[in-house]
Amino acid sequence: MRFIHTSDIHLGKTYRTSTGEAERYEDFFICLAGIVTDAIEAKVGFVLIGGDLFHVGQILPKTFAKTIETLQPLKDANIPCIAIEGNHDWIHRRDSISWMEALSQMGYICLLRPSRTEEGGYRFDPFNTEAGMGGHIEIEGLNIYGLGYIGAQAGNHVERICDAVSTENNLLLFHVGIWSYSPVEIGNMKPEDSHPLAETFDYVALGHGHKPYIVATPEGRDYAYNPGSPEQVNFGEQKYDKGYYFVTLNDGEFTVDFKTTSPRPMTVTTIDLDEAEDANEALLRFVEQVKAKLPETEDKRQPLLELKLIGRVKFHPFELGREQLGIALEEIARPLHVEIKNHLSLVTHTGGEETVKKSLAEIEYDVLKELIGTSSEYQGREEELSRLSLQIRDLILRGDVEADELLGLLDGEGH
Ligand SMILES: [Mn+2]
């Protein structure tokens, strides 16, 4: 038996304020369509999606329509697409039907979700095709169980999860990260909490962290697999391999083969403008360094860029405007989307003495620290609380943060 294990597709993600919005939106559908084509060509038995099919819980109607269009060939080929909900497609309002439930009822996916017993245990009811509901589905003797995102307490639930399973040849779909492997801060469990899963499940199909990794038991047997995201969802992910697992099951043995996908080119780099005399010199150096740092590629797609400007300069950093940098970048890189972090600080000379003016980021931090320090309740924790405030601010400005993620930060789960 062969199957595909993918996760974290993030359909609906784009840069809302960018001119490349429409094209970036397409990237994620093109990526999923590629996996669907591979599944059909290889005639796999089924496809697993380990959560975060959608980028947000409340998607646009066109995102739903395009998802159906993208999954249609899989449905036509009678290849079941078995999915769970991730933290991104989780709907908190339980009274409304979620988009994932709708896809399941329409037969495009089999959405697995356990029910809970009064005692707090888990129950994996057999999947009912008509209702599009259930926690367990059997395909040619392989028992597939689905658990969505259950939050940061996942580690405490492992025993209850295993207790609810009495079959042999089991696979678990689970949207959770394993600490020390997972690059995300929230929604992880400790390896020692996770290892007991290996006694009940021969293959744990993970999702959540966008970096691929494989977890082994202390005895060295691989049992949990995280394929990562097949596109580059956020800046920083250009460091990770991008793809999905092509899995072969032979005599109870799982063999995984990581198939690479082709994400849009992404570059994250630091541009050093230290000692630049004026904005013109800085701009020349900026262009030179960007040119040198753009990787050589045959890829014709417009890249995504995140550039951090650093250094102590002798002109006001605001003179190096976003617009000016944008025009320069258009000529050398033709980026689809750019994010510029201006961390330049100004150096002035007064009476032969050199003074470094603070960067905007430092000023923000100092102001916050002072404000927080004026409340006697917070004294002594100024640094910690200033950092936390800025972290929350950055997440909100990114525009796609979920309430859970923010609460996690406040709970100190990130530490
Ligand atoms: Mn994700």
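Here are some questions and answers about this predicted model.

Residues are counted from 1 along each chain, following the written sequence. Because this is a prediction, local features need pLDDT of at least 70 and side-chain atom pairs count only at pLDDT 80 or more, while totals for chains, interfaces and linings use all residues.

Reader: Is Ala205 buried or exposed?

Author: Ala205 sits in strand β12 (residues 203-207); strands here are DSSP runs of E, at least two residues, and helices are runs of H or I, at least four, numbered from the N terminus. A residue is buried if 20 or more other C-beta atoms, placed from the backbone, lie within 10 Å of its own, exposed if 12 or fewer, and partly exposed in between. Ala205 has 29 C-beta neighbours inside 10 Å, so Ala205 is buried.

Reader: And what about Lys43, buried or exposed?

Author: Lys43 is in the loop between α1 (21-41) and β2 (46-49). Its phi is near 50°, a positive value in a residue other than glycine. With 9 other C-beta atoms within 10 Å, Lys43 counts as exposed.

Reader: Which helix gives the most residues to the largest nonpolar core?

Author: A nonpolar core is a set of buried Ala, Val, Leu, Ile, Met, Phe, Trp, Tyr and Cys residues joined through C-beta atoms within 7 Å. The largest one has 64 residues, and those touching the most other members are Val47, Cys81, Ile82, Leu172, Leu173 and Ala205. The top contributor, with six residues, is α1.

Reader: How do α1 and α2 lie, roughly parallel or roughly antiparallel?

Author: Axes are lines fitted to C-alpha atoms, for helices over the stretch in contact, with angles running from 0 to 180 degrees between N-to-C directions. For α1 and α2 the angle is about 10°, and the axes are 8 Å apart. Angles under 35 degrees count as roughly parallel, over 145 as roughly antiparallel, 65 to 115 as roughly perpendicular and the rest as oblique. So α1 and α2 are roughly parallel.

Reader: How many nonpolar residues are in the contact of α1 with α2?

Author: Two residues are in contact if their C-beta atoms, placed from the backbone, lie within 7 Å. Residues making this one include Phe29 and Leu32 of α1, and Lys66 and Thr70 of α2. Ala, Val, Leu, Ile, Met, Phe, Trp, Tyr, Cys and Pro count as nonpolar, Asp, Glu, Lys and Arg as charged, and the others, Gly among them, as polar. The split is one charged, one polar and, for nonpolar, nine.
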